[in-house]
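Dear colleague,

I am handing over the structure below, and I would be glad if you could look through it alongside the notes that come after it.

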Amino acid sequence: MSGSHDHTHSHDHDHHHHDDERWKHDGVRVIPGNQLDPNVPSTAGMDRKAAINFARVGAQKLWAGTVSIKPDAKTGAHHHGHLESIIYVVKGKARMRWGEKLQFTAEAGPGDFIFVPPYVPHQEINASPDEVLECVLVRSDGEAVAINLDIEPVEKPENVLWVDPVHRHPDEKK
């Protein structure tokens with residue numbers, strides 16, 4: 001970061017002590033993985049847990065947690081309203097379907113990130129018949145928004161590859 005500061009630093013001892021106390025309780029928070037909150041809406045075959053939200057740490061603009069999805073399990077079609085969502089795949093193979101008829105599909109593996117824009121109808125699927133899918137979820141608001149949709153999915157979704165100047169289509173010659 002660059003630029004000048006527009007405030008002055010006080011070296012007053014009482015002021016410094018007050019900041020210490022405030023930062024001690026309102027500063028950085030570490031939430032141990034074995035202390036996540038299981039009291040969040042989940043779907044059959046899925047186990048969601050909250051790590052960061054307003055109730056737990058006072059987060060105003062983010063929700064973060066984990067989800068474990070049993071082999072071959074999938075969610076129903078839904079969207080998250082005005083929220084943006086990020087899914088980070090820790091273990092296993094995720095298959096996402098999206099669109100008005102869930103007509104598009106893509107897969108992600110360990111280390112991959114998935115971005116879901118606001119209002120996009122989608123479905124999360126564990127693409128493995130025998131391995132649990134473990135992911136970290138981050139949403140752009142502290143509230144939990146999930147709107148279930150009654151969608152009749154297409155039989156054969158269209159595979160969508162990430163193709164850009166850095167990622168070539170698999171059929172393209174190098």
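What follows is a short account of two residues and of a pocket.

Please keep in mind that this is a predicted model. I began with Pro-71, which sits in the loop between strand E2 (63–69) and strand E3 (78–79) and, at 30% relative accessibility, counts as partly exposed because that value falls between the 20% and 50% limits. Beyond four places in sequence, Pro-71 touches Asn-126, Ser-128, Pro-129, Asp-130, Glu-131 and Val-132, and its C-alpha lies 9.6 Å from that of Lys-93, although the two are 22 residues apart in sequence.

Asn-126, one of those contacts of Pro-71, belongs to strand E8 (residues 122–126), and it is buried, since its relative accessible area of 2% is under 20%. The side chain of Asn-126 reaches the backbone oxygen of Lys-70 at 3.2 Å, while a polar atom of that side chain lies 2.9 Å from the backbone nitrogen of Ser-128. Among the other residues in contact with Asn-126, leaving aside neighbours within four places in sequence, are Ile-69, Asp-72, Lys-93 and Leu-133.

Turning to the largest pocket, its volume is about 450 Å³, and of the 18 residues that line it, Met-96, Trp-98, Ala-106, Phe-113 and Ile-114 lie nearest its centre. Strand E5 (94–98), strand E6 (104–108) and strand E7 (113–116) each give two or more residues to this lining, with the largest share, four residues, coming from E7. By type, the lining divides into 14 nonpolar, two polar and two charged residues.

With best wishes

How values were computed. Residues are numbered from 1 along each chain as its sequence is written. This is a predicted model: local features need pLDDT of at least 70, side-chain atom pairs count only at pLDDT 80 or more; totals for chains, interfaces and linings use all residues. Side-chain values use heavy atoms; hydrogens and water are left out. Buried means under 20% relative accessible area, exposed over 50%, partly exposed in between (1.4 Å probe, protein chains only). Contact means heavy atoms within 4.5 Å. A polar contact is a pair of N or O atoms within 3.5 Å; within protein, one must be able to donate a hydrogen and the other to accept it, and residues adjacent in sequence count only if both atoms are side-chain atoms. On a 1 Å grid over the protein atoms alone, a cavity is a set of points where a 1.4 Å probe fits but cannot get out, and a pocket is an open set with protein on both sides within 12 Å along at least five of seven lines; lining residues have an atom within 4 Å of a point. Grid points are joined across faces, edges and corners, and a volume is the space filled by probe spheres set on the points. Ala, Val, Leu, Ile, Met, Phe, Trp, Tyr, Cys and Pro count as nonpolar, Asp, Glu, Lys and Arg as charged, and the others, Gly among them, as polar.
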